[in-house]
There are 2 protein chains.
Amino acid sequence: MSIVVQKFGGTSVADAQKIRRCAQRAFDARQAGQDVVVVVPAMGKTTDGLIDLAHEISASPPRREMDQLLAAGEQVSIALTAMALQELGQEAVSLTGAQCGLQTDARFTRARIRSINRDRIEQHLSCGKIVVVAGFQGVDEEGSVTTLGRGGSDTSAVALAAALEAEVCEIYTDVPGVLTADPRIVPRARKLDQISYEEMFELAALGASVVAPRAIFLGMKFNVPIHVRHAMLPDTGTMIVPETLDMEQNEITGVSLKNGVGRVTLQGLPNRPGVQADIFDALADAQVLIDDIIQNRTSKDHMNITFTADGQDLTDAREVLGEMLKAMGGEIRVDTGLCRVSAVGVGMRTQSGVAARMFRSLADAEGGPINIENITTSEIKIACILPEADGPRAVNAVHDAFELGAPAS
Amino acid sequence: MSIVVQKFGGTSVADAQKIRRCAQRAFDARQAGQDVVVVVPAMGKTTDGLIDLAHEISASPPRREMDQLLAAGEQVSIALTAMALQELGQEAVSLTGAQCGLQTDARFTRARIRSINRDRIEQHLSCGKIVVVAGFQGVDEEGSVTTLGRGGSDTSAVALAAALEAEVCEIYTDVPGVLTADPRIVPRARKLDQISYEEMFELAALGASVVAPRAIFLGMKFNVPIHVRHAMLPDTGTMIVPETLDMEQNEITGVSLKNGVGRVTLQGLPNRPGVQADIFDALADAQVLIDDIIQNRTSKDHMNITFTADGQDLTDAREVLGEMLKAMGGEIRVDTGLCRVSAVGVGMRTQSGVAARMFRSLADAEGGPINIENITTSEIKIACILPEADGPRAVNAVHDAFELGAPAS
């Protein structure tokens, strides 16, 4: 029998009523003849509440205990979900990360999956049970509970789908699927029927966070089709699948906007080998997370390096690099109030002029020209850093320029 | 190094502040040179909240999932307690029932302990850590989470103390120890310095529920000294220990009162072999819990059987037995509004006239004679069933008659 993994979000299991609805969804799939594995995270705001409790006890709670604590959240959800299924007359069993043999390394609060023991799950499935697995959590070699960090439940779901060779991993959300842009910003945004892992990865990493980037990466690696769909609607959503030839017919697939982008500009750095390594070593040591890195040479002896980062990381970067530049030479400048508009699509690889068309659309944008402050590109992405205030206009301009929208009715 | 097991109650870990206080207590013991194992239940009303959630989903939630659900409660407490210890600079590690190898049978919601793997705990202790164990829970052969039912955390604590050959199992409560009577009823009630397992067992079973009867039974079986003490006071409390010779110098050790006792009287039953077996088989099949059983023969052909039970069990008993008596002959009568006053003491075995003295004290009670409706006795207990309204007067009368109180100052 084919296996489907269904992953629900925290808001989808926020109360008893909603849990019953998720159970019904799983039940329907089982009735339709599939083996069903359900992955649920903690209910609604449970995790936040537990984190608050921990911080009442300690400003920096030990990571092992943090994982032990947070894992209790999913344990509640899986038990309730299994109860709801049995209430529907469907045999079901709940399994924690440890119980389903989801082995990880011992990097508490951000563990990496090492292996999944599919036997235990398959044994229950073969008895006709729906298996309800706790997302986000696993167990290390010593038997300590670990958690997978941000996006952990999506990651659990896709990893389970890979281990079980499931036909599909369904990710239930509160949107109908993956759209060409955020519909709150771009009214004519359109749902995509399919998108490639690579495109989705770029879009997710850039802030269109329907599915966690780690989960998409896993799906890509193990070739697991991921179906993003609305938890409350029967409609099919968007399939995230390997790239196909026909995807290249479109120049770009979607446009994303990320607000709250900050930028650090290092000016007048000495132009000699090792400078970049020194700078980013120092940032890595201080665990500062950064996004894009842009480097320009300004003269024979000097260069500029620019990188983007958010909130606290920006402050940390200034602190770490301030001292360093005094010794090395150069100045640091920090700007906030920026955004990143990105056009993503596997088609841009084979089509020329995509960048030009994007930049032109910004220059000709309705309401006046938009100034591009920085540009970075990858093989399937063009990203522009702009003033935050121009973000919505920019996204609409690019979306229109590539005719991504639903046909005007 | 000697090992001490410290068990705290749900109200003692009801919030972050209180958890910190428990941690301090464990830390002090460790500083004093002991190896410390802490056992904590779920925080305050957590378990009730989870039970409510389950009942929103199902009128009779499956027991396995109920245990999976409830065990999350202690998992939160142990993680927070371990955090609080580390905040004090004390290395600590939290272990769920499964993680500390507390193996049980698979009778979900009321599992029995089979074994405890002391290696894992001792390994942590030998590294200087305080080990924080989740009370109330264990794991069955299949790896499913089980819970031990009512009084489960006390039971976990004493079982751990037995497995680790601890010097003492400290049970922290909100009373200073075991008293000769309930001080809310008997103002002159006095704290006992020690009491035997047998006496404590009778008192606990009769409603003076400082320590769960199962835990006392385990302590008695494995000879674990149990120290009942106040969570917020430094004073020593009451040691529950094996019976010693000097205990027999007192005729009785304590007087307990249990309110809300109901009574079922079966009158005019045929006086032939097998009647009792039929009756109590039927009650057992219907899972009706009963307390005392009293039988009297009223004539050559007839007898009466009386037994006591609480609330729902009383209703169930009437239902189960009503039909049966129609066939068998006899009448059923159910009375409520009764109480049980019990005098307990190992000394009564060796001293005559204890029963007489107790009955006399009730007949001569201040405020008028108290009518005894039923009497049952065990080797170290005399219990009288009375109208509930007379309970407090009766307890005081017995307490005074045996001079249990603190000397009048």
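## Two copies and their axis

Chain B can be laid on chain A by a rotation of 180° with 0.0 Å of shift along the rotation axis, and the superposition leaves an RMSD of 0.1 Å. The two copies are therefore related as by a two-fold rotation axis. If you would like a landmark for that axis in chain B, look at Ala72(B): its C-alpha is the one nearest the axis, at 2.3 Å. Please keep in mind that this is a predicted model.

The contact also reflects this arrangement. Both copies use the same surface, and 100% of the contact residues of chain B recur in chain A.

## The contact between the chains

How many residues does each chain bring to the contact? Chain B gives 29 residues, and chain A gives 29 residues. On the chain B side, three helices each supply at least two of the residues that touch chain A: α1 (16-31), α2 (46-57) and α3 (63-87). Of these, α3(B) makes the largest contribution to that side, with 15 residues.

What is the chemical make-up of the side of chain B that touches chain A? Its residues divide into 18 nonpolar, seven polar and four charged.

## The sheet of chain B

Turning to the fold of chain B, eight strands make up an open sheet with mixed pairing. Read across the sheet, the strand order is β3-β6-β2-β1-β9-β11-β12-β10. The edges are held by β3 (92-95) and β10 (194-196) of chain B; each has a single partner strand, so one side of each is left without a neighbour in the sheet. From one strand to the next, the twist averages 20°.

## The β3 edge and helix α4

At the β3 edge, it is worth following the pairing residue by residue. β3(B) runs parallel to strand β6 (residues 130-134) of chain B, and four bridges join the pair. For Ala92(B), the bridge partner in β6(B) is Ile130(B).

Which helix packs on the sheet here? Helix α4 (residues 118-126) of chain B does, touching β2 (35-40), β3 and β6 of chain B. The direction of α4 makes about 150° with that of β6(B).

## Confidence in the model

Chain A has a mean pLDDT of 91, and 98% of its residues reach 70 or more. As a general caution, where pLDDT is low, the predicted coordinates should not be read in detail. For the complex, the predictor gives an ipTM of 0.81 and a pTM of 0.83.

Methods:
Residues numbered from 1 in each chain as written. Chains lettered and ligands numbered in written order. Predicted model: local features only at pLDDT ≥ 70, side-chain atom pairs only at ≥ 80, totals over all residues. Least-squares fit on C-alpha atoms with pLDDT ≥ 70 in both. Contact = placed C-beta atoms within 7 Å. Nonpolar A, V, L, I, M, F, W, Y, C, P; charged D, E, K, R; others polar. Pairing = 2+ DSSP bridges. Axes fitted to C-alpha atoms, helices over the stretch in contact; angles between N-to-C directions. pLDDT = per-residue confidence, 0-100.
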